[in-house]
Amino acid sequence: MSWRTNRTISSKPPSTYVAERAEEVGLPVDEVDRRLRSHCVPPDALRSDDYDHFLNERATMVHAVMTKLCEGQDVGIQDVV
């Protein structure tokens, strides 16, 4: 995300800025969700506007991916959807 975009969204809750950005670029919700998940960002938790819940859910996703990597397993998009 660019500095300009970050400044534009900084005062808005995630549920608002994610929807606005998706609409601006014409992405359907399922594609936005796929892109967020590819970065271990849980879409529903992000849109809940509950930061603690979001952090816990993201930590769970990151932990699961990191555990697989540390065990020498391959990790792909299927591991975060």
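These are numbered notes on the structure shown above, going from the whole chain to single residues.

1. Overall make-up. This is a predicted model. The secondary structure of the chain amounts to five helices and zero strands. Read from the N terminus, the order of elements is α-α-α-α-α. The chain has 81 residues, and 25% of them are buried.

2. Extent and surface. The C-alpha trace spans about 40 × 25 × 20 Å along its principal axes. The accessible surface of the chain is about 5,900 Å². Carbon and sulfur atoms hold 52% of that surface. Among contacts with a separation of 6 or more, 32% join residues 24 or more positions apart.

3. Charge. There are 10 positive and 14 negative side chains in the chain. The centres of these two sets are 8 Å apart.

4. Helix α3 and its cover. Helix α3 takes in residues 29–37. Its buried residues are Glu31, Val32, Asp33 and Leu36. Their cover includes α2 (14–25) and α4 (43–47). A general point on helices helps when looking at such a list: an α-helix has 3.6 residues a turn, so residues three or four places apart point the same way.

5. Asp33, a buried acidic residue. Is Asp33 buried or exposed? Asp33 is buried, because its relative accessibility is 10% and the cut-off for buried is under 20%. Which residues does Asp33 contact, once neighbours within four places in sequence are set aside? They are Pro43 and Arg47. Helix α4 covers residues 43–47, and α4 is among the elements that cover the buried residues of α3.

6. Val29, also in α3. Val29 belongs to helix α3. Here the relative accessibility is 56%, so Val29 counts as exposed. Val29 and Val18 are eleven residues apart along the chain. Their C-alpha atoms are separated by 9.5 Å.

7. Two loop residues to inspect. Cys40 sits in the loop between α3 and α4. Its phi is near 55°, a positive value in a residue other than glycine. Cys40 is buried, because its relative accessibility is 13%. Asp49 sits in the loop between α4 and α5. Its phi is also positive, at about 60°, and Asp49 is not a glycine. Asp49 has 37% relative accessibility and therefore counts as partly exposed.

8. Helix α5 and a nonpolar patch. Helix α5 runs over residues 51–70. Val62 lies in this helix. Its relative accessibility is 33%, so Val62 is partly exposed. Which residues make the nonpolar surface patch? Val62, Met66, Leu69 and Val75 do. The patch has an area of about 300 Å².

9. The segment after α5. Ile77 is found there. Its relative accessible area is 39%, so Ile77 is partly exposed. Where does Ile77 make contact, leaving out residues up to four places away in sequence? Ile77 touches Arg34 and Ser38. Ile77 and Arg34 are 43 residues apart in sequence. From C-alpha to C-alpha, they are 8.6 Å apart in space.

10. What to look at. For the buried side of α3, start with Asp33 and its contacts Pro43 and Arg47. For the loops, turn to Cys40 and Asp49, with their positive phi values. For the segment after α5, follow Ile77 to Arg34 and Ser38.

How values were computed:
Residues numbered from 1 in each chain as written. Predicted model: local features only at pLDDT ≥ 70, side-chain atom pairs only at ≥ 80, totals over all residues. Heavy atoms only, no water. Helix = DSSP H or I, 4+ residues; strand = E, 2+ residues; numbered from the N terminus. Buried < 20%, exposed > 50% of the residue type's maximum accessible area, 1.4 Å probe, protein only. Contact = heavy atoms within 4.5 Å. Patch = residues over 30% accessible without salt bridge, like charges linked within 9 Å, V, L, I, M, F, W, Y side chains within 5 Å. Areas by Shrake-Rupley, 256 points an atom, 1.4 Å probe, with all protein chains shown as cover. Salt bridge = Lys/Arg side-chain N within 4 Å of Asp/Glu carboxyl O. Lys, Arg positive; Asp, Glu negative; His and termini not counted. Charge placed at Lys NZ, Arg CZ, Asp CG, Glu CD.
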